[in-house]
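Trainee: I am new to this structure and would like to learn how to read its features one at a time. Could we look at it together?

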Amino acid sequence: MAAAITGVVGVSCPSKLSQTAVGHRQKRCASVIRMTLVEEKKKTYTLKKSEEAFNAAKELMPGGVNSPVRAFKSVGGQPIVMDSVKGSRMWDIDGNEYIDYVGSWGPAIIGHADDEYSYEIHAVDILQVLAALAETMKKGTSFGAPCLLENVLAEMVISAVPSIEMVRFVNSGTEACMGVLRLARAYTGREKIIKFEGCYHGHADPFLVKAGSGVATLGLPDSPGVPKAATFETLTSPYNDISTVERLFEANKGELAAVILEPVVGNAGFIPPKPDFLNALRKITKDNDTLLIFDEVMTGFRLSYGGAQEYFGITPDLTTLGKIIGGGLPVGAYGGRREIMEMVAPAGPMYQAGTLSGNPLAMTAGIHTLKRLKEPGTYEYLNKITGELIQGILDAGKKAGHAISGGYINGMFGFFFHDGPVYNFEDAKKSDTAKFAKFYRGMLEEGVYLAPSQFEAGFTSLAHTPEDIQQTIAAAEKVFKTL
């Protein structure tokens with residue numbers, strides 16, 4: 001298992017990757033879109049146009065953004081307005097170029113704006129995503145009726161994800177989690193759920209609950225506008241703390257519909273499970289006829305082709321997906337055992353619907369993204385470059401005298417300005433967030449775009465090259481010396 005939280009990360013990779021398009025993609029990206037350090041140093045870093053655009057946006061949209069973290073509140077400085085993306089790179093409206101480790105918050109696992117090539121492998125035609133979208137658009141952008149593409153992507157998801165026998169497509173991860181929670185309650189006839197501090201399941205009312213014993217007892221909402229009644233049945237536990245889960249089960253016997261969690265936390269920084277934590281959750285939920293739900297909106301098709309559940313060998317009852325299965329277009333999904341999913345209308349009485357669900361463009365992008373991920377060598381390559389990246393950052397930080405820890409699994413990583421270990425959100429909150437903010441802004445000036453929060457995971461893609469990784473480590477070494 002290629003995950004570490006102590007600051008010393010080990011990785012075992014094959015010495016030679018499979019001779020596939022992964023190698024071709026690596027060479028092509030390096031030659032076409034790489035900008036050298038020398039070239040970057042010639043440019044003066046400015047965000048003048050971004051500042052003007054953001055000031056205008058603040059008069060038009062709350063906080064100037066349509067998703068809060070984009071406003072850079074936790075790192076300070078000027079939010080960046082992007083203009084274009086390609087491969088592993090992003091360009092802002094001032095013309096600055098960045099190596100991107102956000103990847104649209106996870107979907108861009110094969111790289112941005114894929115139009116690399118089209119070829120046939122194992123008798124399966126794999127189109128460029130942009131080319132496939134162009135062909136689909138000729139037929140229309142929305143049907144509001146069944147389309148064959150829904151069948152194709154559904155079959156791919158069911159084949160890949162161990163827990164899923166039937167799937168329902170929706171339009172976002174938040175919508176997927178709303179649907180799966182309603183389904184769990186409908187199937188079990190119970191209302192209470194357990195969620196974990198630091199695990200994010202979208203902005204639906206029942207999930208906006210802070211952790212902590214007082215809040216868990218009172219069911220206080222984490223946002224104004226959320227009624228207490230909406231969160232009263234939501235119980236919370238620290239992540240990686242099975243003893244608290246056991247106490248919650250004991251105090252609420254026969255009342256728990258589900259336990260829901262990110263199998264690897266990505267919204268409190270990168271925090272993997274302790275050994276046997278997921279096994280213990282699987283056992284206690286089975287013993288109490290409670291459903292286990294993995295929110296794999298972030299980890300699905302990123303930690304492995306079958307997601308975290310395949311990677312760890314733990315099969316939940318229900319799963320939510322998003323991000324990668326839409327190839328960068330708005331999408332979400334929830335699925336699980338057939339007997340549970342047949343509760344969903346029109347097969348069963350639990351109602352959920354959506355005008356744009358199963359949108360042909362999202363289905364198309366998802367289909368060709370998943371085809372690409374199924375190529376031999378894909379996850380080995382992600383494991384290799386991500387391991388080199390996080391090891392390089394940790395080594396550079398420690399060499400410069402900073403407290404730092406971190407880890408990774410294949411295409412997902414994170415680090416904390418904290419000695420570690422980090423097992424839950426309370427541990428993560430001990431990080432030096434002021435130092436992270438300075439580091440973040442320094443990395444921007446060096447042409448590296450990380451998630452603008454100490455408490456968000458980072459992502460690599462198949463478009464990232466070894467040169468990208470070395471350039472990022474060199475930038476980190478330089479910035480660490482200034483902190």
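Mentor: Let us begin with confidence: pLDDT is the predictor's confidence in each residue, from 0 to 100. This is a predicted model, and the mean pLDDT of the protein is 88, with 86% of its residues at 70 or more.

Trainee: Over which residues is the pLDDT below 50?

Mentor: Where pLDDT is low, the predicted coordinates should not be read in detail. Here the value falls below 50 over residues 118-124 and over residues 210-220.

Trainee: How should I read the open sheet, and in what order do its strands stand?

Mentor: Strands of a sheet pair through backbone hydrogen bonds, either parallel or antiparallel. In this case 7 strands are arranged as β6-β12-β11-β10-β9-β7-β8, with mixed pairing. Because β6 (166-170) and β8 (234-237) stand at the edges with a single partner strand each, one side of each has no neighbour in the sheet. Strands β9 and β10 run parallel and are joined by 4 bridges, and Val 259 has Leu 292 in β10 as its bridge partner.

Trainee: How many cavities of 30 Å³ or more does a search of the whole structure find?

Mentor: Rolling a probe the size of a water molecule over the atoms shows where empty space is left. The search finds 2 such cavities, of which the largest has a volume of about 120 Å³. Its lining comprises 15 residues, and those closest to the centre are Phe 413, Phe 415, Glu 456, Ala 457 and Gly 458. Strand β14 (residues 412-416) contributes the most to this lining, with 4 residues.

Note on methods. Residues are numbered from 1 along each chain as its sequence is written. This is a predicted model: local features need pLDDT of at least 70, side-chain atom pairs count only at pLDDT 80 or more; totals for chains, interfaces and linings use all residues. Side-chain values use heavy atoms; hydrogens and water are left out. Contact means heavy atoms within 4.5 Å. Two strands pair if DSSP finds at least two bridges between them. Helices (H or I, at least four residues) and strands (E, at least two) are DSSP runs, numbered from the N terminus. On a 1 Å grid over the protein atoms alone, a cavity is a set of points where a 1.4 Å probe fits but cannot get out, and a pocket is an open set with protein on both sides within 12 Å along at least five of seven lines; lining residues have an atom within 4 Å of a point. Grid points are joined across faces, edges and corners, and a volume is the space filled by probe spheres set on the points.
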